[in-house]
Amino acid sequence: MVDTGNKVAVEEGRVALESLRFGCIRLMEIASSVLVRTMPTERKLELSKQIWALAQCADALGKRLPGLRSSEDAVASTPGYVAFTDAICSLQNPDLEYAALTHLAYPDLRDAVLTHRAQVPSAADELTVECLEQVLERLDAVPTERQERPACLGTLGDLLTGCGGVVGEDPGPPPDRRSALPEIPIRPGRDAALREAGPDEEASDGTRASFLHESIFRVELCAAEICAVLLAHHPEAPWGLRHDLAKQVRDEARHYELFAERMRELGVSEGRYPIVFDVWDKFVMGRTLPERLIIEQRIGEGIGLDGAVKAFRVLREEGDYKTLMIFDYVVADEITHVGNGNRWLRRLIGSDEGLERLDREVRERLAAHGRPVDNQKAINVNDRELAGFTDREIAELQRTWERERALAQAQKAGGQEAAKGA
């Protein structure tokens with residue numbers, strides 16, 4: 001090794017980037033776990049930005065690694081740093097974990113990036129300098145509280161100092177670490193001001209504002225939390241899938257923000273109506289990563305594409321062009337989400353036939369447990385095609401919709417005849 005003074009040569013630079021990437025991914029997992037369990041909605045929205053920023057940082061570092069004689073999936077971290085992040089997970093309190101992120105973990109990550117940036121020989125390694133500059137720019141979305149750490153964090157700060165931070169000494173092989181979310185909770189955290197609807201209570205009274213209220217809590221917030229679960233609970237998932245899910249966490253939170261702002265313009269604030277959890281309750285019935293992706297991406301968001309056709313027509317007929325514009329952008333995002341789900345499911349399962357078989361099994365299990373898939377809306381063929389459904393899948397969806405529509409019409413006619421007879 002040549003003497004580079006206070007500069008780093010290729011091997012040291014590679015190991016440092018691998019460690020920084022591990023830190024970004026690990027903190028993304030912990031932030032995702034906190035998002036699912038924390039109660040304040042505003043904190044969930046803040047965490048969505050942090051999760052996406054950390055994912056972008058990890059992605060940029062991973063793309064630089066092959067140029068430094070390393071694989072994009074390489075992981076390097078010291079046992080001490082793994083112990084530090086495990087200790088955060090062991091707190092088992094989302095408020096304390098968030099404090100540990102903002103007071104200890106995020107500042108340490110930023111300091112490590114800045115330190116390594118100062119050590120990289122700019123003329124010899126322009127690409128790494130550009131990569132680290134991108135990482136620092138993304139970290140602007142990550143809060144760093146540098147005042148004295150709260151007493152409730154105990155000796156976590158000493159543990160961090162003792163391990164030398166995210167870039168410590170003697171990195172080892174890919175580390176085993178404590179799961180950021182060992183078990184998927186029965187329900188996600190919710191603001192204390194929110195109330196769940198009773199068995200015979202509706203979450204909407206038919207007005208536009210109440211529809212938006214139902215949407216932000218039933219669909220958008222739950223979707224952000226579901227994607228965060230997949231990030232925190234499935235560290236074995238391919239990085240490309242995790243990157244897509246981190247983007248979706250932010251997309252769904254942004255949809256919440258857009259719809260909530262429009263809802264307030266219409267005179268309704270959060271908590272005006274009760275909330276429901278049927279989207280979440282379907283999701284927790286998934287047993288594996290592919291099953292959970294099917295329930296959220298193919299079934300849940302796929303039905304959303306079908307419902308969009310009627311929503312567009314109603315909004316246009318009523319002249320609510322502001323809500324229509326927001327909804328149009330939201331649906332464009334959802335097409336991407338469904339498409340990502342289809343693409344990754346085919347890669348994980350290995351064939352269209354295997355995916356179709358598992359899709360049927362999941363639908364049958366949902367129905368057997370009293371949560372059948374709603375097939376009452378006409379199939380949105382164009383958007384389903386854009387989202388990666390095959391012609392055969394769309395044809396099967398069409399047959400199911402026609403069969404269930406005919407059954408519903410027959411039941412309605414029978415009820416009308418019974419009423420006449422009475």
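This section describes the overall build of a predicted model and then several of its residues.

The secondary structure of the protein consists of 14 helices and zero strands. Read from the N terminus, the order of elements is therefore α-α-α-α-α-α-α-α-α-α-α-α-α-α. The radius of gyration is 24 Å, close to the 22 Å given by the globule rule for 422 residues, so the protein is as compact as a globular protein of that length. Along the principal axes, the C-alpha atoms fill a box of roughly 95 × 45 × 40 Å.

Of the 422 residues, 52% count as buried. The exposed surface of the protein amounts to about 19,500 Å², and carbon and sulfur atoms supply 51% of this area. Among contacts between residues at least 6 apart in sequence, 83% join residues at least 24 apart.

In soluble globular proteins, nonpolar side chains tend to be buried together. In this model, the largest nonpolar core has 120 residues, and Leu27 and Met28 are those with the most contacts inside it. Helix α7, residues 208-233, gives the most to this core, with 13 residues. Leucine 27, leaving aside its neighbours within four places in sequence, is in contact with Leu54, Tyr81, Thr85, Leu101, Ala105, Tyr106 and Leu109.

Two of these partners also appear in the surroundings of glycine 165. This glycine lies in the loop between α6 (156-163) and α7. Glycine 165 has a relative accessible area of 3% and is therefore buried, as the cut-off for a buried residue is under 20%. Its contacts, apart from neighbours within four places in sequence, are Tyr81, Asp108 and Leu160. Glycine 165 and leucine 109 are 56 residues apart in sequence, while their C-alpha atoms are 7.8 Å apart in space.

Serine 32 is placed in helix α1, which covers residues 10-37. With a relative accessible area of 0%, serine 32 is buried. Outside the four nearest places in sequence on either side, serine 32 is in contact with Ile51, Ala228, Leu231 and Ala232.

Aspartate 86 is found in helix α3, residues 79-90. The relative accessibility of aspartate 86 is 19%, so this residue counts as buried under the 20% cut-off. The side chain of aspartate 86 reaches the backbone nitrogen of arginine 178 at 2.8 Å. When residues up to four places away in sequence are not counted, aspartate 86 touches Arg26, Arg177 and Arg178.

The cysteines were examined for disulfides. A disulfide is a covalent bond between the sulfur atoms of two cysteines. The count in this model comes to zero. For cysteine 24, the closest cysteine sulfur is that of cysteine 57, at 4.8 Å; this is too far for a bond, because the two sulfur atoms of a disulfide must be within 2.5 Å. Cysteine 163 is likewise in no disulfide, and the nearest cysteine sulfur, in cysteine 89, is 14 Å away. Both cysteine 24 and cysteine 163 are buried, with relative accessible areas of 1% and 10%.

Methods. Residues numbered from 1 in each chain as written. Predicted model: local features only at pLDDT ≥ 70, side-chain atom pairs only at ≥ 80, totals over all residues. Heavy atoms only, no water. Helix = DSSP H or I, 4+ residues; strand = E, 2+ residues; numbered from the N terminus. Buried < 20%, exposed > 50% of the residue type's maximum accessible area, 1.4 Å probe, protein only. Polar contact = N/O pair within 3.5 Å; in protein donor to acceptor, adjacent residues only side chain to side chain. Contact = heavy atoms within 4.5 Å. Rg over C-alpha atoms; globule rule 2.2 N^0.38 Å. Areas by Shrake-Rupley, 256 points an atom, 1.4 Å probe, with all protein chains shown as cover. Core = buried A, V, L, I, M, F, W, Y, C linked by side-chain atoms within 4.5 Å.
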